[in-house]
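Trainee: Could you pick one part of this protein and take me through it up close? Once that part is clear, I'd like to hear how other places in the fold look by the same kind of reading.

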Amino acid sequence: MNSISFKNFRRFQDFPSTEIGPITFLVGRNNSGKSTMVKAILLVSDFLKSRQLKNFSLTNSVLEEANIVTFERAKNKLAKHSDVISFVFDIEEFSIGITIYGHEGKTNAEVTQFVVNDKKKGFFLKIEPQKFLIDLESYKVKNITSKDEEAILLDELIERRVKLKKEVEELSGDKASYEFIEKNQELLDCEATIKIIKTRINANNKAGKSFVLSDTYSKDESFIKIVRDFAENQLFFQNMLYNKIQKGNKKVNKEYENYQAFKEDGLQFLERFNELSSKINLNEFYYLGANPTKQSALFAIRDRNNSLAQAVHEYCQQDIDKRPGSNAFGFVRKWIQEPMFEIGEDVEFKLHAGEAYEVTIKSNNVKIPLADKGMGSIQAILLILRLACIIDRMQDRNEIATIIIEEPELNLHPALQSKLAWMFMEVYEKYNIHLIIETHSEYLIRNTQVIVKENEYDQNLNPNPFNVIYFDKNMKQWKMNYRNDGKFIEDFGNGFFDEASSLALDLF
């Protein structure tokens, strides 16, 4: 997932498109919307993984806290009763839109529209699951990756048309109103412009013609099954009309052109949407919440409320502690030996009566119970074990994992918080795992600036993996862009980088 935006979801009436990089930090005040963005990402991911288009679950299997439960809790409080919730996100060159509507007390929302815009090849697919309708448009693009201006404009206009159609439908109760007349005229102008641009693109592209096709389907099936059946139906109609033309029926010539254009591009269309399906399958999300752990002599397997007990159990169940040659084992060994974390030289696990684990730390040839270490060391080993389990799970797999971490700096002193930036760099660069990190740590963000300066990142030859999104108290967000010297081009809002300076000034 490269970016996400949404409307009427939780705290936001309109959350603008926000970029997600390899290592994305969400920073800002409490209750500024960071967790809302995380919830949107996880709920959308769950929906796509479910393979069913008709219903959108407002609970989440990865993040228990994202179980918004009912539609009225998911919808923005300032939204009108008739308003829908919509999400738009990009997976590489595909832009996907989901529109949902629900009822009070219901844990599932109805998906009213599912849209896929293939910006690379020029396919625009719209499915209305409640009506069992499917529409497909093709617009020829020469090379969208070269930033062809007309192709980009056409993408924007098609997305604009979808929004205008919704607005016109909502205002259709009073067609004499000024607002309806104005929006309807905007829609007509938009459609006229789309036709003009499509004509230009087709004139400059000899690869084939555009087409517009509509059909119905009968079952609530997976997205890819619906698309495949649709493609087969269009090829059947093309063959049927071809036979009529062969028999001298000239009335079907114009309709036949549409199906013939699809036949020419049908194989490519299916290849592209199979590719999208694969990209969806390959994206895995993991959530590591900010759960303060407990100092305990034994870590019970059944203690679901103790995050460290669960991390220890998972680590041992995956037999990572018995595989010294594995990436995950090496990761744990390296980071527990990090001097700043003050953990030790090695860690050992012993299971008692199949019920609880005893964890000991070896330091200077002495074995110390983990419970006797400080809370900072305990919190650090929790994070290290959790990351190691995901690293091990993703080894030799093609999936692209994204780990969402909430406040990893919990209980860590400033030097340790700063060191986390290097740990996250290793997780991304060595194991190709992406991260989204909610944090309040100035020290963590400051160290990313140092890393940017030291590595002399260049967007083309040596891209900067860090991406910082600031959420301010007025529910606005902006990207903090790094300069080559590590400094930010934009300013943070009040209460983040400026807080220490303000307090220092108060001393004088």
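Mentor: Sure, let's start at Phe 488, which counts as buried because its relative accessibility is 12%, under the 20% cut-off. Keep in mind that we're looking at a predicted model. Tyr 482 passes that test too: its relative accessible area is 15%, so Tyr 482 is buried as well. Now for the rings. The protein has 32 aromatic pairs by the ring-centre rule. One of them joins Tyr 482 and Phe 488, with 4.5 Å from centre to centre and 45° between the planes. Is that pair stacked, edge-to-face or tilted? Stacked would need an angle under 30 degrees and edge-to-face one over 60, so 45° leaves it as tilted. That's why you want both numbers: a ring pair is described by the distance of the centres and the angle of the planes.

Stay in that stretch of sequence for a moment. Gly 493 sits in the loop between strand S19 (477–480) and helix H12 (498–506). Despite being in a loop, Gly 493 is buried, at 14% relative accessibility. Its C-alpha is 9.9 Å from that of Trp 478, and the two residues are 15 apart in sequence.

Stepping back, the whole protein has 508 residues, and 50% of them count as buried. The secondary structure comes to 12 helices and 19 strands. Take the contacts between residues at least 6 apart in sequence: 63% of those join residues at least 24 apart. As for the surface, about 25100 Å² is exposed, and carbon and sulfur atoms supply 48% of that.

For a look at a buried helix, go to H9 (residues 375–394). Its length checks out nicely: 20 residues at 1.5 Å a residue should span 28 Å, and the end C-alpha atoms are 29 Å apart, which agrees. How much of H9 is buried? The count is 18 of its 20 residues, so H9 is largely enclosed by the rest of the structure. After the helix comes Asp 396, with a positive phi near 65°.

One neighbour of H9 is helix H10 (residues 414–431): their axes are 12 Å apart and the packing angle is about 5°. That angle is under 35 degrees, so H9 and H10 count as roughly parallel. On the H9 side, the contact is made by Leu 383, Ile 384, Leu 387 and Ile 391, and on the H10 side by Leu 420, Met 423, Val 427 and Tyr 431. Asn 411 belongs to the loop between strand S16 (400–406) and H10. Here phi is near 70°, positive in a residue that isn't glycine. Asn 411 is partly exposed, at 40% relative accessible area.

H9 turns up again when you look at helix H7 (residues 307–317), which is mostly covered, with 9 of its 11 residues buried. The buried set includes Leu 308, Val 312, His 313 and Tyr 315. What do the buried residues of H7 pack against? Their partners are strands S12 (299–300), S13 (346–352) and S14 (356–363), along with helix H8 (327–336) and H9.

A few spots earlier in the chain are worth a visit too. Val 84 is in the loop between helix H2 (71–74) and strand S5 (85–91). Leaving out residues up to four places away in sequence, Val 84 touches Lys 7, Asn 8, Thr 99, Ile 100 and Tyr 101. Phe 132 is in another loop, between strands S8 (123–128) and S9 (133–138), and its phi is positive, about 60°, although it is not a glycine.

Finally, try two helix residues side by side. Ala 151 lies in helix H3 (residues 149–171) and is buried, with a relative accessible area of 1%. The C-alpha of Ala 151 is 8.3 Å from that of Gly 122, 29 residues away along the chain. Met 240, in helix H5 (residues 223–246), is partly exposed at 33%. From Met 240 to Tyr 256, 16 residues apart along the chain, the C-alpha separation is 9.3 Å.

How values were computed
Residues are numbered from 1 along each chain as its sequence is written. This is a predicted model: local features need pLDDT of at least 70, side-chain atom pairs count only at pLDDT 80 or more; totals for chains, interfaces and linings use all residues. Side-chain values use heavy atoms; hydrogens and water are left out. Helices (H or I, at least four residues) and strands (E, at least two) are DSSP runs, numbered from the N terminus. Buried means under 20% relative accessible area, exposed over 50%, partly exposed in between (1.4 Å probe, protein chains only). Contact means heavy atoms within 4.5 Å. Accessible areas come from the Shrake-Rupley method with a 1.4 Å probe; for residues, only the protein chains shown count as cover. Rings of Phe, Tyr and Trp (its six-membered ring) pair if their centres lie within 6.5 Å; planes under 30 degrees apart count as stacked, over 60 as edge-to-face and the rest as tilted. The expected span of a helix is 1.5 Å times one less than its number of residues. Axes are lines fitted to C-alpha atoms, for helices over the stretch in contact, and angles run from 0 to 180 degrees between N-to-C directions. Angles under 35 degrees count as roughly parallel, over 145 as roughly antiparallel, 65 to 115 as roughly perpendicular and the rest as oblique.
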